Amino acid sequence: MNRKVFLAGLLVLCLAMIGAQDQPQQIPLDKQGMVGIQLSQKDGQYFIARVFQNSPAERSGLRSGDVILRVADVDVGTMSWTEVVNIFRGEPETSVNVSIRRGTENVATLNVNRASAQFLMENSPDYKMMY
């Protein structure tokens, strides 16, 4: 084998391994913490389309129709759908601050716990219907 070809192949392999380490680890869905909402987007704003029964979101006071302004102190206005979903997710039994606007009311910030998907499957009838 040509030494240059061998070294080039080795370099590509090393770069691929480094790149793989930079990628976030995919956490299995049942190990992710979730708040128990279904998001929607309209006119550049994210809002809550549904709050699952018996979910941490319901217990914290989030309601369908709430416009989401900030999650974990990050403005979601310029974020992609995936980024917003991911910022809501985290380790089960942790919490996240969610700033909302409800109708014409002032902005409120609510602290919402995250539950495992398993918890939602076992305790939320409407979550079961979706998945």
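1. Helices and strands here are DSSP runs, with at least four residues for a helix and at least two for a strand, and they are numbered from the N terminus. With that in hand, read the elements of the protein in order from the N terminus: α-β-β-β-α-β-β-α-β-β-β-α-α. That comes to five helices and eight strands. Keep in mind that you're looking at a predicted model.

2. Now the whole chain. The protein has 131 residues, and 31% of them count as buried. It exposes about 8600 Å², with carbon and sulfur atoms supplying 53% of that area. As for contacts, take those between residues at least 6 apart in sequence: 53% of them join residues at least 24 apart.

3. Next, have a look at Ser-60. Which helix holds Ser-60? You'll find Ser-60 in helix H2, which covers residues 56–60. Its side chain reaches the backbone oxygen of Ala-57 at 2.9 Å. Leaving out residues up to four places away in sequence, Ser-60 touches Leu-110, Asn-111 and Val-112.

4. Then there's Ala-115, in strand E8 (residues 115–116). Is Ala-115 buried or exposed? Ala-115 has 6% relative accessibility, and buried means under 20%, so Ala-115 counts as buried.

5. Who are the neighbours of Ala-115? Not counting residues up to four places away in sequence, Ala-115 touches Gln-32, Gly-33, Met-34, Pro-56 and Pro-92. Try finding Val-35 too: Ala-115 and Val-35 sit 80 residues apart in sequence, while their C-alpha atoms are 6.2 Å apart in space.

Note on methods. Residues are numbered from 1 along each chain as its sequence is written. This is a predicted model: local features need pLDDT of at least 70, side-chain atom pairs count only at pLDDT 80 or more; totals for chains, interfaces and linings use all residues. Side-chain values use heavy atoms; hydrogens and water are left out. A polar contact is a pair of N or O atoms within 3.5 Å; within protein, one must be able to donate a hydrogen and the other to accept it, and residues adjacent in sequence count only if both atoms are side-chain atoms. Contact means heavy atoms within 4.5 Å. Buried means under 20% relative accessible area, exposed over 50%, partly exposed in between (1.4 Å probe, protein chains only). Accessible areas come from the Shrake-Rupley method with a 1.4 Å probe; for residues, only the protein chains shown count as cover.
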